[in-house]
Amino acid sequence: MMAAIEQDFPSGPLSVLAELESWRKDVNRPTYHVHKWWATRLGSVFRAILIGALSEDSTDIWEAFYTPVSFPGKVILDPFMGAGTTLGEALKLGCTVVGSDINPVSTFQVQKALEPVDLYELQRAFEQVKRKVQPQIQYLYQTVDPDTGQVADILYCFWVMTVACPHCKERLRLFDTSIFAKHAYPKKVPAAQSVCFACGQINTTTYDAVNLRCSGCEREYNPQFGVTDGTKAICQHCQTAFRIAETVGATGHVPDYDLYALLIVMSGGRKKYIRASEIDKERYHQARILLQQHHGLLPTGAIEPGHNTNQILRYNYRAWRDLFNDRQLYCLSLLLQAILEEPERACRELLLLLFSSILEYNNLFCSYKGEGTGAVRPIFNHHIFKPERMALENTIWGITRGTTKSSGCFATFFESRVLRAIAYRQQPFELRAVGDGEKISGEKVYQLSHAPAASLVTDFDTLKAGKGKALLFCTDSSHLDLPDHSVDVVVTDPPYFDFVHYSELADFFYAWLRLGLHQTRAEFRAETTRHPQEVQQREANAFSTALGRVLQECTRVLKPDGLLIFSFHHSRNEGWEAVGQAIVAAHLGVVAAHPIKAEMAGASPKAQTDDPINYDAILVCKRQTAPVAVTLEAAIGTTLAKAKAKLHALTQDNPRSNLSYADRFVIMQSQALCTFSRHLGQLTDAWGEVVTLSRLLAATAQMVDAIAVHDDELTGEGAERVLV
Ligand SMILES: C[S@@+](CC[C@H](N)C(=O)[O-])C[C@H]1O[C@@H](n2cnc3c(N)ncnc32)[C@H](O)[C@@H]1O
Ligand SMILES: [Zn+2]
Ligand SMILES: [Zn+2]
């Protein structure tokens, strides 16, 4: 049987839907967003891939998408499961799932995402933790409102990095600008807050003001100015310019920070920015003393050199606990301890996952996004570790007053992440795009799916015996404990060459998670999640070999006519060659490639951000069959024609598709992989020489401009011209 996805794919309408989902992934697919994972893929895309792989070729995938289709008994494998998108979508379609990831932070979060939990028990466990720690934490985040003299709760504390000028030794506060708070949509709400560098007063101004008189010292200044200029600072006292990283590095300790402002919240929910006072410094000091006297759990792991960690090592961050201030460490440790005292395992572990998830929003690498949006910019906003000069301290437990809520805290995420994920599990839905042109919105469609939840088993025999629906491994997927020919379809999203360094980043969470899990889980015993078999090589050949090993293992466990489908994009030939070689090494061939909207915000390496890639290629692979002989000229011709057809279908169904050069490159090179597979070893040039993949990719890369779609090609005659 040929599957529907080998023939066609609803790239156009699905791309519209995928974009819609990507605006609020956490709301639209909450199951996979209780905890951070990097570069997670869109659930709707994976639903469509699975339907296309499991349905016969006569099926209209787009129609089936909104039909309650089900594929009981089918086994789906994801060897790079990340946050578990494939698994959740496959469970929704009634399949049995096997997932594997080398990183324990991934496997733990997928387990918690899928494992059923008693909601009543969970609420009870949450209330118990609240009783134990909320009053103590809240006390440490209270101040006195200078206008009323009343005790007020703090929403956020504003800190600035300080360093002594290397020339005159005066201590400098490294403000990038004096405006430390403005609305996320400043044109709508222009009010902004500026701190006076001379006297520390907080002045209310507008986001674009260039002149301001300080209400504290009467000085006039331009609030747009800061002390820093990129990687350098200019001393206000002696005017010397110096490099910040070097100067902080030379101190031999982690950067110092000064507390300069607070956002407080009054009883009705009204918020106010105030200057930090002695009371606040004293309260912070109390937390420091408490930490010194405290014998609770704190992370012990050291930060090892690496692609992502070298930068923070230059700032003298040596241990994972260094990324938090003392008050954060104390409160987090209290909270962790209370969670670990919970006797019921499923509740305890889910609260532990929630604890780990708020770490992202409760450390000194966070900054302020402003009101009118999720106010805290979390540490992994850029998928890197970037020391923050104007840092934001959040309040761990969090508060809710009227409509004002802290962003990224334990109590608020319990509702917006955990309870929302459980609600989705009970009543999963798909989005349907409604409206047209510029105004598209999503309408929820229920009753299409099974619950994305499953009892977990520990081996394949039990899974096959029907005693559970999901089998998860924390292992290198080049060796899976699965029999030959046991899997119907592999659907995955592999790590990309040169891209996110998962384990270096995941160690930030792991350092805390292992405090609660190392006794019960072998995969939490090591000090780090870095692993020699992780597919994350920066050198193309090494990446190709590592990916090839996992793909080979997938070929072994796949049924003879099973499909292996994965998403991929890259802006350079090198990436396509690496992935193509891995496919060949696994005795697979690409039988179809479809473009689809990708969700990539903030995650691209330098080379890709200049010309962003908005589209992934979905590569549909099967065991290699007998190749057909062809000349290079003919091969280029077919590749070009297929790429044009794909591009045209995409643009016609989705006028908003807005394809960049890089997107067209992705479409072209994915088709080149199809061509290469079909003629493996039988593709020859005019002199009879066998053409390598590298040569074919170099040739098709030259043709990318030939598949630009111009307006006149979108309709009528033009459209036919493109298709012939
Ligand atoms: C791109 S992510 C997957 C994201 C996922 N599709 C999602 O939507 O959440 C790739 C994953 O591969 C994992 N990985 C890397 N090398 C591996 C290996 N040898 N075996 C298993 N997993 C590996 C990484 O830990 C990472 O989670
Ligand atoms: Zn100086
Ligand atoms: Zn002043």
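This report covers salt bridges in a predicted model.

The count comes to 39 salt bridges. Three pairs are set out below, followed by one network.

| Pair | Closest N to O distance |
|---|---|
| Glu430 and Arg47 | 3.8 Å |
| Lys132 and Glu341 | 2.7 Å |
| Lys386 and Glu388 | 4.0 Å |

**Glu430 and Arg47.** The side chains of Glu430 and Arg47 meet in a salt bridge, at 3.8 Å from N to O. Glu430 sits in strand β21 (residues 429-434) and Arg47 in helix α4 (residues 43-54), so the bridge ties together parts that lie 383 residues apart in sequence. Glu430 is buried, with 1% relative accessible area. Arg47 is buried as well, at 0%.

**Lys132 and Glu341.** Here the N to O distance is 2.7 Å. The pair links distant parts of the chain, 209 residues apart. Lys132 belongs to helix α8 (residues 119-140). Glu341 lies in the loop between α12 (326-340) and α13 (345-359). Lys132 is partly exposed, with a relative accessibility of 31%. Glu341 is also partly exposed, at 47%.

**Lys386 and Glu388.** The closest N and O atoms of Lys386 and Glu388 are 4.0 Å apart. The cut-off for a salt bridge is within 4 Å. Lys386 is partly exposed, with 38% relative accessible area. Glu388 counts as buried, at 12% relative accessibility.

**A network.** Shared partners join several salt bridges into one network. Its members are Lys112, Glu115, Arg345, Glu349, Arg521 and Glu523.

Definitions and conventions:
Residues are numbered from 1 along each chain as its sequence is written. Chains are lettered from A and ligands numbered from 1 in the order in which they are written. This is a predicted model: local features need pLDDT of at least 70, side-chain atom pairs count only at pLDDT 80 or more; totals for chains, interfaces and linings use all residues. Side-chain values use heavy atoms; hydrogens and water are left out. Helices (H or I, at least four residues) and strands (E, at least two) are DSSP runs, numbered from the N terminus. Buried means under 20% relative accessible area, exposed over 50%, partly exposed in between (1.4 Å probe, protein chains only).
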